[in-house]
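This report covers domain layout, contacts between parts and model confidence. The structure comes first, followed by the description.

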Amino acid sequence: MLRKLTGLVVALALALGVLPLAGCWDRSELEERAFVLALGLDRGKGTVLEVTMMIALPKAMAGGDKGGGGGGGGGGDKPYFLTTVQAPTIGSAVSLVNAAINRRVSLLHMKALFMGESLARESGMYTMDGFTRFRQARQSIMYVVTKGRAADFLKGMDPKIETDPQRFIEQLAYNSRYTGMLPAASQIHTFVTTVSTGYIEPVTYYAALKEEGGDEDATAGLRKEVGWEAGELPRTGGPNIEMLGAAAFRGERMVGVLTGGEIRMILMMQDRFNQGFFAIPDPRQPELFVSAELHRGRPFRLELDLGGDKPRLRGLITLEAELLATQGQRDYTAPHLQAELESAITRELESRIRETIRKTQGMKADVIGFGYQAVRQFPTVRAWEAYNWPDKYADADVEITVRVVMRRAGIRLRPPKMRD
Amino acid sequence: MLLYRLFAVMMPHRWYRILRVRGGASYTCAPGKRLTGEIDVNLRQFWTQLLDPSAGTVTQTFSLADRGRTPVVEEQGPTLLADAKLRAEGVVTHIDNLLAAAPDGAKAMEKAGDLSSRLDENVARLKSLFRMPENKDLIIRDLQIATQPPTRAVVCFMEGLADKTIINDHIMQALMLLAHLDHHVDGHGEHGPTTFSIETVMQRLLPGHQVSEKYDMAAISEGLLGGDSILLFEGQQTAVAVETKGFPLRSVSEPKTEQAIQGPKDGFVEGFRVNVALVRRRLKDPRVVTEVLKVGRLSNNYVALMYIDGITSPKLIAEVRRRVEGLKVDVISGSGMLEQYIEDSPFSIFPGMLTTERPDRTAAYLSEGHVALLMDNSPYAIIAPVTFWSLLQTAEDYYLRFPFGPFLRYIRVAAFLLTVLVPAMYVAVVNYHQEMIPTELMLFIASSRELVPLPTVVEVIAMDLSFELIREAGTRIPSVIGPTIGLVASLVLGQAAVEAKVISPLVILIIAITGLASFAIPNYLAGFGVRALRFFLLATALVLGFYGLAAGVFLILIYMAGLRSFGVPYLAPVAPAMGRSADATGRPPLFNMEMRPAYVHPLDKRRQEDVVRTWDPAAPKPPDKKGGRS
Amino acid sequence: MKREEGHIDQVQGVMLVFAVLSAKLFAHYPALLIEGAGPAAWQAALVMTLTAMLIFLPSAALARRFPGKGLAEISESVAGPWLGPLLTLAVTAWLFTSLALGVRLLAETYIGTMLPQTPPSALIMVLLFCVAYASYRGLEPLSRAAQLIFPLIVLVVVLVMIFSMPRANSARLLPVAGFGLPATLGTGLYCAGMGAEAILALAIGYAFRSGKALQNSVLLGIALFGLFMTVMAAVLVSLFGAPEAAQLPFPMFNMSRLISLGRFLQRVEAITVMFWFFAWVVRLSALFHGTVVSLAGALQLPYYRPLIFPLAVLTMACSLLPEDFLSTMDLDSGVLRPIGLLVLALPLVLLGLAVIRRKGGPAHAA
């Protein structure tokens, strides 16, 4: 029995032994690869792309090595380096970079895609097929539009608080949960899905490097609270990266920039707004402000009437407020003054929302997502597409009401006595 | 030719009818027999056979070599001659005795063996059978039994195997000194001294607890080698055997391989009578049966087959008995050897029978309907049939309370998976699927690997092999420094390897986890199988990443699913799903396990009432029993 | 002999049929549904399930009429010694084509997603070795292994769907009627050919203890498969939107790439891919075994094992016939599925013949 089996076993071993002998085709060691952490896209010379790659330096990333004693390997503090090439596609860019690096460039760990604003406005995300088709690129890559050229952004980026750029990038977006100043999601996946389905226009993160100096014109809008665009924040010191607000797209092309305040309103209407600090001008003393933290209340309710030639939308946002601080002596914890405060908040929010909506209608981009509600009234896809909501939205008659209920007032009752 | 061999292996045995032995003779065999020698394929007969399976057979010729008998060498001549002479004498005497007893009927013929009525002749034959005077182990003691008239008798026993105190006190003293105290009452009511007869000796003179009559030399020698004392009497063709076993035996101590923290700590020893006793203490039921079989022509080792009549399936018992009795070997010295002879698939990676050192476990398995084989000179019990899940169970699972007993089992299942999969997954992920590692960890590994000259798989294999080396060395070192060496070696080796930049630190961690997990598997034999599997999966993962790993796992799964242990599928009761036994990987509360596991096909399926804790107010009400058992 | 094969009970039968059909969840079939019916793909999946169950009814009736017999035996006894084997050969050829295309599909899936540089023949060779070994061991070990793995696979699929839910938006399932009711019905009917591999159960019919067991196994298997397909279609549309989801050749892969819970549970698609392999290899082993057994029955061979090795080699050769992945997909969905509907009509023919010629036990004999 064993003798017969030997022949069979030998035959099978030879047949299958071909596999390891011929070579493990996909096997590669980690140190044979150069991992790209972030990619920057700009318009290069002519119609060609300018691709900037941020490639990780593992040794520096690991914080030096035991065997090396203090102060990591050669030279720089940065655990990455940047390289820029001009190439018609990303694939050719990778080939060109491979000519200069001994390790094989791999996009497997790419976390973010930065696109310069000019490219975004001009051709938009016309490369998105590549990111969904190429197996190395994941659909969870963050998509960020930068003010100015992406290459400059990546070069000048200095997070200060983090040495690890990929961690910085990964966590950039997590703060939106608490401040509400960033869109709910801005990944290749959401971008491609929204563009292809057409119920809503995409928005992406919008980042900029702080320009030094030149903030005289900013004083005019100093009362804007967070209604600034990225790059124009009235601050100095700290990391030079600013990311708030969003870039609004129509289809795959960028059409405008939304400020931090506008994106907060939009999130409220999308039901993605969690909480945020608001500064409301005091109703009786317009020079002073009341600070409140607003939370999401009931879900956003929308009524659509698509009957006439213009769509009519009526919406209701319900929010809950917690009083954080008053500047002055007025005691907004008293019931009758509470109502006053609530209506002040309501008025302020409604005016901000009106401006936001007018801005989006001006851009002809329904970034808020009313389309999701509108589609319910159509039975088939053909009917929906025949209606052509994106164009109809620009002329729509939209009225959003806000209702605010003040629930809590912090851990204090009346404001302290002041002697002014 | 190779193709034909492939065909030949896949063909059923029936088709061997049309194969030819090289050298011209046609060879046929009945279905199921094994072939030796080279084979050819006769194509014409192949097709005729194919189209008409009832084609006739051809005559067979064979040689002694085919039958497995080795030819005789010259040096064996004198021994064979002497043995033959002895046997011939025995046969002649036997025939004589039979003829003499024939007129007395069948009963008398049964008692006619090959002993002669002359004591000296018997003793001489015994001496030559046992190769005396070279062999100093057989002791032959003449004595006179104090009956009227005194009878010459001889006590024989093997030095070292028989308890001399019993022989002195209870055989020789009783027969030589105390026999004359005995009286018999004859028909007239008169007292008189005892006359000799075998019956008198056995009933009135010999205070031994087990006495029996032996009629031939074979039985006498078996008795002697077992430790009995044999009494041969002048003028009698019957010998009396008295049980006087007294060989040195290890005392019952803690089991070496299966520890339980909360549970009994007695383990089997090398005497099967003691082992059977240990099991019987836990199952005090008259239905517990111990059959004693013997294996080995030379070793004549006793094997106790234990089962519970009324619970164990009779087919199982018959099968086990058939396999053990059918062995024609010289020596089987331990249960490990016996296991290999009677297993279903001796080439399988996993054991097909469970060996355990604990009597409580044996008793538990017996009560579920398994069969236990306890072999003399072996401190292990073999349990049959067994499934894969038994390899991951210990006795302790039952002695612990509800969530914690099963919890240990889950840990062990996880340990099994860990030890088999982790090295392969590490290699697959690091070499093929680099996108799976979190970026920080990936960069750390890349940076630590930059100075290491070896590819990942070589690192893993080197560390794994050195771990195995340390483990084996630790077992073989004299026990005083054994455990320390293992610890020190592994620590130092690992640390030194990392310092010398030969191995990256993560690999040390991986191998340490793997090694620890492999220690968590309770069954010693399964540990070997696990190691083989680990290397196999490592090889497949090396070649094709997760694809290869998945293929390897599937192959192992199919292999295990096809294994059978005494007819029971190896992966039962999980697959095929059999009955309500949830006892494989988890363990329901003891009071919920009402049925015996179905895969053993017990005759009595229920082992507990539905509601056992009737005093508990939270327990459900027992169902109404309308006669009979459900 | 087939009688050596042993039996499988109803649970194993369901598991086996479900395994054979649901490996499709991992391939491009949901995309097919979504392309034809848009956001209403889940309705098309329901239509498909019902149609497949309906189409299978003649086979069920046939199985109940001839309990304990496989397709080869039934067709031989019903249609005679010449026509019967021919019909069996037709089914065998269809099963074989499905097998070869499936092998190629799986290899291409892996090459496309995880192992870009490996030549297909290497993957196919390993796969066929596993499949042939499983068939060599027999039907019982295969169904036991399926019984062990499949709950895990189902668990993984469910978990992947659950964990990718944060990115789902149910509004993408609107408009409810998709491209309209005719499109939905049409897609559902066209894709009913997806359930055609259920005829495999008939091919190994001798392993079931009764015709009723076979019928229940297959109907339950198809129903379960349909349920999962419906849920999968709905989840895919709500995740990716109808136009994108229709372009996914490997939906599970893309879905698992999206999973990102906190910063910890990310990048798990390689594990999904491993379970994917399990699902497919069980399916292909069952198909292979059915092919081998039917072929042995059609050729009236007493044993099926000698056919394993040649058939494996043949499968490997045929699976390398299509030139590229896209044509494989097209062949599978465009050519194989409609023919599958025809193949399921074959039992109807056999049933008719059986009734006419009064063969086999009455319908309620099992």
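## Domains, contacts and confidence

In this predicted model, chain A is assigned two domains: domain 1 (31–63 + 73–213 + 223–263) and domain 2 (274–420). Taken over C-alpha atoms, the centres of domain 1 of chain A and domain 2 of chain A are 31 Å apart. Their contact involves 17 residues from domain 1 of chain A and 18 residues from domain 2 of chain A. On the domain 1 side, at least two residues each come from α8 (176–179), β8 (241–250), β9 (253–258) and α10 (260–270) of chain A. That side of domain 1 of chain A consists of seven nonpolar, five polar and five charged residues.

A contact between chains C and B takes 33 residues from chain C and 31 residues from chain B. On the chain C side, α1 (10–22), α5 (120–137), α6 (139–163) and α12 (269–298) of chain C give two or more residues each. The largest share there, seven residues, belongs to α6(C).

The table sets out the residue classes of the two sides described.

| Side | Nonpolar | Polar | Charged |
|---|---|---|---|
| Domain 1 of chain A, touching domain 2 of chain A | seven residues | five residues | five residues |
| Chain C, touching chain B | 24 residues | four residues | five residues |

Chain B has an average pLDDT of 82, and 84% of its residues score at least 70. Within chain B, confidence is lowest in strand β1 (residues 19–21), with a mean of 41, and highest in strand β13 (residues 371–375), at 94. Over residues 13–40 of chain B, pLDDT stays under 50, and the model has 36 contacts beyond four places in sequence for these residues.

Note on methods:
Residues are numbered from 1 along each chain as its sequence is written. Chains are lettered from A and ligands numbered from 1 in the order in which they are written. This is a predicted model: local features need pLDDT of at least 70, side-chain atom pairs count only at pLDDT 80 or more; totals for chains, interfaces and linings use all residues. Domain bounds come from an automatic or database domain assignment. Two residues are in contact if their C-beta atoms, placed from the backbone, lie within 7 Å. Helices (H or I, at least four residues) and strands (E, at least two) are DSSP runs, numbered from the N terminus. Ala, Val, Leu, Ile, Met, Phe, Trp, Tyr, Cys and Pro count as nonpolar, Asp, Glu, Lys and Arg as charged, and the others, Gly among them, as polar. pLDDT is the predictor's confidence in each residue, from 0 to 100.
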